[in-house]
Amino acid sequence: MTMRILGIDYGDARTGLSISDPSGFLAGSPSVIHEWNYAKLVDKLAAFIQENKIEEIVLGHPKNMDGTVGPRAEKCETLAKELEERTGLHVVLWDERRTTVAAHEILHRSGKKEKKHRQSVDAVAATLILQGYLDFKRRQ
């Protein structure tokens, strides 16, 4: 299998991204798009997807801890539909409960100060979302 998969951790101000290696084994290349404007964010994501020859998209789906869908998850569902229309690619909604907490823990253990976490926590969360999906695919 040779496929570039994009993991996305969508946020109102910062959206974390992570791309798989061509074999689909490891998530890497973390980055962040800083954008408040939804339409501009979609444009930037569509351009990023085209530039990086992405073939599949995994979008974090932040369900509530009880499994219900709240306002944040609904925003992600809207983004998924928009990206599917713009790119023609299927978007997998991936349960991302606790990924941001785990990302903060990783940054803390790596010695990053709390004030610096904001700069990279979304990219780390996107990497965790993507790696979870890649591991799941490998087990199937």
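Okay, let's start with one ring: phenylalanine 136 is partly exposed, because its relative accessible area is 32%, and buried would need under 20%. Keep in mind that this is a predicted model.

So who does that ring pair with? Phenylalanine 136 and tryptophan 94 make a tilted aromatic pair, 5.4 Å centre to centre with 55° between the planes. Tryptophan 94 is in strand S5 and phenylalanine 136 is in helix H4, residues 114-139, so we're linking distant parts of the chain, 42 residues apart. Add Tyr133, and together with Trp94 and Phe136 you get one aromatic cluster.

Now, S5 takes us to the sheet. It's an open one, five strands in the order S3-S2-S1-S4-S5, with mixed pairing. S3 (27-34) and S5 (91-95) are at the edges with a single partner strand each, so one side of each has no neighbour in the sheet. From one strand to the next, the twist averages 25°. Further in, S1 and S4 run parallel, joined by four bridges, and glycine 7 sits opposite valine 58 in S4.

Next, the helices. H1, residues 38-51, lies across S1, S2, S3 and S4, at about 150° to S3. H2, residues 71-87, lies across S1, S4 and S5, at about 165° to S4.

Last stop: the aromatic pairs come to three in total. Another of them is tyrosine 10 with tyrosine 38, edge-to-face, 6.5 Å centre to centre and 65° between the planes. Tyrosine 10 is in the loop between S1 and S2, while tyrosine 38 is in helix H1. Buried or exposed, what is tyrosine 10? Buried, because its relative accessibility is 11%. And arginine 72 lies over the face of tyrosine 10, 4.7 Å from the ring centre.

How values were computed:
Residues are numbered from 1 along each chain as its sequence is written. This is a predicted model: local features need pLDDT of at least 70, side-chain atom pairs count only at pLDDT 80 or more; totals for chains, interfaces and linings use all residues. Side-chain values use heavy atoms; hydrogens and water are left out. Two strands pair if DSSP finds at least two bridges between them. Helices (H or I, at least four residues) and strands (E, at least two) are DSSP runs, numbered from the N terminus. Axes are lines fitted to C-alpha atoms, for helices over the stretch in contact, and angles run from 0 to 180 degrees between N-to-C directions. Contact means heavy atoms within 4.5 Å. Rings of Phe, Tyr and Trp (its six-membered ring) pair if their centres lie within 6.5 Å; planes under 30 degrees apart count as stacked, over 60 as edge-to-face and the rest as tilted. Buried means under 20% relative accessible area, exposed over 50%, partly exposed in between (1.4 Å probe, protein chains only). A charge sits over a ring if NZ of Lys or CZ of Arg is within 6 Å of the ring centre and within 35 degrees of the ring normal.
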